[in-house]
Amino acid sequence: EYRVPVRVITSRAYHALFMQNMLVPPTEDELVNFEASAARKPFVIFNAGVFPANRQTQGMTSSTSVSVSFKRQEMVILGT
């Protein structure tokens, strides 16, 4: 009832392994209905760890950045 489907897209294999360790794996029934369920759009995590954030952007003090949009159900991770 309170679980949220999550799709993780990574640029490195060890980032995918880390996220697999951090998240609760879906059941077989949940996997079958993952794409078919239009009512529950998956929260998407884009982990582009090989791409550093632009430190020249105003307010940025690091090459690592994590941005979350709950409205769009997306998270972008840079520079890890």
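**View 1. H15 in helix 1.**
H15 is found in helix 1, which covers residues 13–22. Welcome to this predicted model; we start with a histidine that is a handy landmark. With a relative accessibility of 7%, H15 counts as buried, because that value falls under the 20% cut-off. If you set aside neighbours within four places in sequence, the contacts of H15 are T10, N47, G49 and T80. Two of these names lead straight to the strands: T10 falls within strand 1 (residues 6–10), and N47 lies in strand 2.

**View 2. N47, a contact of H15, in strand 2.**
Let us now move across to N47, which is part of strand 2. Is N47 buried or exposed? N47 counts as buried, at 8% relative accessibility. Beyond its neighbours within four places in sequence, N47 touches I9, T10, S11, H15, I77 and T80. Both N47 and H15 are in contact with T10, and T80 is likewise on the contact list of each. For a sense of distance along the chain, take G59: it is twelve residues away from N47 in sequence, and the two C-alpha atoms are separated by 21 Å.

**View 3. Strand 2 and its two parallel partners.**
Here the focus widens to strand 2, residues 43–48. Five of its six residues are buried, so strand 2 is largely enclosed by the rest of the structure. Strand 1 runs parallel to strand 2, and five bridges join the two. If you would like a pair to pick out, V6 stands opposite F43 of strand 2. Strand 4 (residues 74–78) also pairs with strand 2 in the parallel sense, again over five bridges. In that pairing, look for I45, which stands opposite M75 of strand 4.

**View 4. The hairpin of strands 3 and 4.**
Strand 3 (residues 65–69) and strand 4 pair in the antiparallel sense, with five bridges between them. Together they form a hairpin with four residues between the strands. One residue to check in the turn is Q73, whose phi is positive at about 55°. Which residues of strand 4 are the bridge partners of S65 and V66? S65 has L78 as its bridge partner, while V66 is partnered by I77.

**View 5. The two faces of strand 4.**
Stay with strand 4 for a moment and look at its two faces. M75 and I77 make up the covered face, whereas E74, V76 and L78 belong to the uncovered one. The covered residues are already familiar: M75 is opposite I45, and I77 is the bridge partner of V66. I77 is also among the contacts of N47. On the uncovered face, L78 is the bridge partner of S65.

**View 6. V68 in strand 3.**
V68 has its place in strand 3. Its relative accessible area is 39%, and V68 is therefore partly exposed, as the value lies between the 20% and 50% cut-offs. Not counting neighbours within four places in sequence, V68 is in contact with F43, E74 and M75. Among these, E74 is on the uncovered face of strand 4 and M75 on the covered one, and F43 is the residue opposite V6. The C-alpha atoms of V68 and V44 are separated by 10.0 Å, with their positions 24 residues apart along the chain.

**View 7. Stepping back to the whole chain.**
To place the close-ups in context, the protein chain contains two helices and four strands. Starting at the N terminus, the order is β-α-α-β-β-β. Its C-alpha trace spans about 45 × 30 × 20 Å along the principal axes. The radius of gyration is 15 Å, whereas a compact globule of 80 residues would be near 12 Å. Buried residues account for 20% of the 80 residues. Of the contacts with a separation of 6 or more, 67% link residues 24 or more positions apart. The chain exposes about 6400 Å², and carbon and sulfur atoms supply 58% of that area. Finally, for anyone thinking about charges, the mean positions of the 8 positive and 6 negative charges are 15 Å apart.

Notes:
Residues are numbered from 1 along each chain as its sequence is written. This is a predicted model: local features need pLDDT of at least 70, side-chain atom pairs count only at pLDDT 80 or more; totals for chains, interfaces and linings use all residues. Side-chain values use heavy atoms; hydrogens and water are left out. The radius of gyration is taken over C-alpha atoms; the globule rule is 2.2 Å times the number of residues to the power 0.38. Buried means under 20% relative accessible area, exposed over 50%, partly exposed in between (1.4 Å probe, protein chains only). Contact means heavy atoms within 4.5 Å. Accessible areas come from the Shrake-Rupley method with a 1.4 Å probe; for residues, only the protein chains shown count as cover. Lys and Arg count as positive and Asp and Glu as negative; His and the chain ends are not counted. The place of a charge is taken as NZ of Lys, CZ of Arg, CG of Asp or CD of Glu. Two strands pair if DSSP finds at least two bridges between them.
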